[in-house]
Amino acid sequence: IKKGETLQDIEKSISILKSVGIKVIGLFIIGLPGDNFEKFNRSLEFIKRTKLDSAWFGFLVPFKGTKVYEWVREKGRFLRNFDDALFFSPNIRPIFETSQFTEKEMLQAYEKACTVTGDFARIIPSHLSVFKKERMKQKLLRKYNQKETKDI
């Protein structure tokens, strides 16, 4: 997204921060230009490799008037209106999809990310009973071959 840092710069920065006892949280965007499920999986590998203390994921929201909005118009397909975007909710959904990263794949990526990082509150509805929440959690852990504890 043209921020200027290389992956090596980011890894070195994480290492320095962690070496002096500072916790590091990664913020990741699903659906950036050129993204697909395989590249998303590399983000999970990055989290494990760098031993981030926590990681949060969200979907790219292409704001009108931006280059990424034009990119979606040219290379993708809008699925819903920007006004329907829910940024901090268990019901968040992608605003668009591309042929390289479909809505279904982005939703699976989000589910996998929340499972791998142990952030089940983002994907398991809060209105469920404790028993149903635990059953869903165990099902997700098996689906993504994860241990009970957060593995990042």
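This section describes the largest pocket of a predicted model, the helices around that pocket, and several individual residues.

The largest pocket has a computed volume of about 1,100 Å³. Its lining comprises 32 residues. Leu7, Ile10, Leu27, Phe28 and Leu32 are the closest of these to the pocket centre. Three elements each contribute at least two lining residues: helix α1 (7–19), strand β1 (25–30) and helix α2 (37–50). Helix α2 gives the largest share, with seven residues. By residue class, the lining holds 17 nonpolar, nine charged and six polar residues.

Helix α1 contains 13 residues. From first C-alpha to last, α1 reaches 18 Å, close to the 18 Å expected at 1.5 Å a residue. Glycine 21 follows α1 and has a positive phi, near 85 degrees.

Helix α2 contains 14 residues. The distance from its first C-alpha to its last is 20 Å, close to the 20 Å expected at 1.5 Å a residue. The N-terminal end of α2 is capped by asparagine 36. A side-chain oxygen of this asparagine lies 3.0 Å from the backbone nitrogen of glutamate 38. Within α2, the buried residues are Phe37, Phe40, Asn41, Leu44, Phe46, Ile47 and Thr50. The buried residues of α2 pack against two helices, α1 and α4 (103–117), and two strands, β1 and β2 (54–59). Helix α2 thus combines a packed, buried set of residues with the largest share of the pocket lining.

Lysine 51 follows α2 and lies in the loop that leads from α2 to β2. Its phi is positive, about 55 degrees, although lysine 51 is not a glycine. Most residues other than glycine have a negative phi. Lysine 51 counts as exposed because its relative accessibility is 54%, over the 50% cut-off.

Asparagine 145 also has a positive phi, about 50 degrees, and is likewise not a glycine. This asparagine is placed in the segment after α5. Its relative accessible area is 71%, so asparagine 145 is exposed.

Glutamine 146 is found in the segment after α5 (130–143) as well. At 17% relative accessibility, under the 20% limit, glutamine 146 therefore counts as buried. A polar atom of its side chain lies 3.0 Å from the backbone oxygen of tyrosine 144.

Both tyrosine 144 and glutamine 146 are in contact with threonine 115. Threonine 115 sits in helix α4. Its relative accessible area is 2%, so threonine 115 is buried. Beyond its neighbours within four places in sequence, threonine 115 also touches Phe120, Ile123, Leu140 and Leu141.

Methionine 106 is another residue of helix α4. Its relative accessibility is 1%, so methionine 106 counts as buried. Neighbours within four places in sequence aside, methionine 106 is in contact with Ile30, Gly31, Phe59, Pro94, Phe96, Glu97 and Phe101. Methionine 106 is separated from leucine 141 by 35 residues in sequence. In space, the two lie 18 Å apart, C-alpha to C-alpha.

Threonine 66 belongs to the loop between β2 and α3 (67–75). At 29% relative accessibility, threonine 66 counts as partly exposed, because the value falls between the 20% and 50% cut-offs. A polar atom of the threonine 66 side chain lies 2.6 Å from the backbone oxygen of phenylalanine 63. Glycine 76 is ten residues from threonine 66 in sequence. The C-alpha atoms of threonine 66 and glycine 76 are 15 Å apart in space.

Methods:
Residues are numbered from 1 along each chain as its sequence is written. This is a predicted model: local features need pLDDT of at least 70, side-chain atom pairs count only at pLDDT 80 or more; totals for chains, interfaces and linings use all residues. Side-chain values use heavy atoms; hydrogens and water are left out. On a 1 Å grid over the protein atoms alone, a cavity is a set of points where a 1.4 Å probe fits but cannot get out, and a pocket is an open set with protein on both sides within 12 Å along at least five of seven lines; lining residues have an atom within 4 Å of a point. Grid points are joined across faces, edges and corners, and a volume is the space filled by probe spheres set on the points. Helices (H or I, at least four residues) and strands (E, at least two) are DSSP runs, numbered from the N terminus. Ala, Val, Leu, Ile, Met, Phe, Trp, Tyr, Cys and Pro count as nonpolar, Asp, Glu, Lys and Arg as charged, and the others, Gly among them, as polar. The expected span of a helix is 1.5 Å times one less than its number of residues. Buried means under 20% relative accessible area, exposed over 50%, partly exposed in between (1.4 Å probe, protein chains only). Contact means heavy atoms within 4.5 Å. A polar contact is a pair of N or O atoms within 3.5 Å; within protein, one must be able to donate a hydrogen and the other to accept it, and residues adjacent in sequence count only if both atoms are side-chain atoms.
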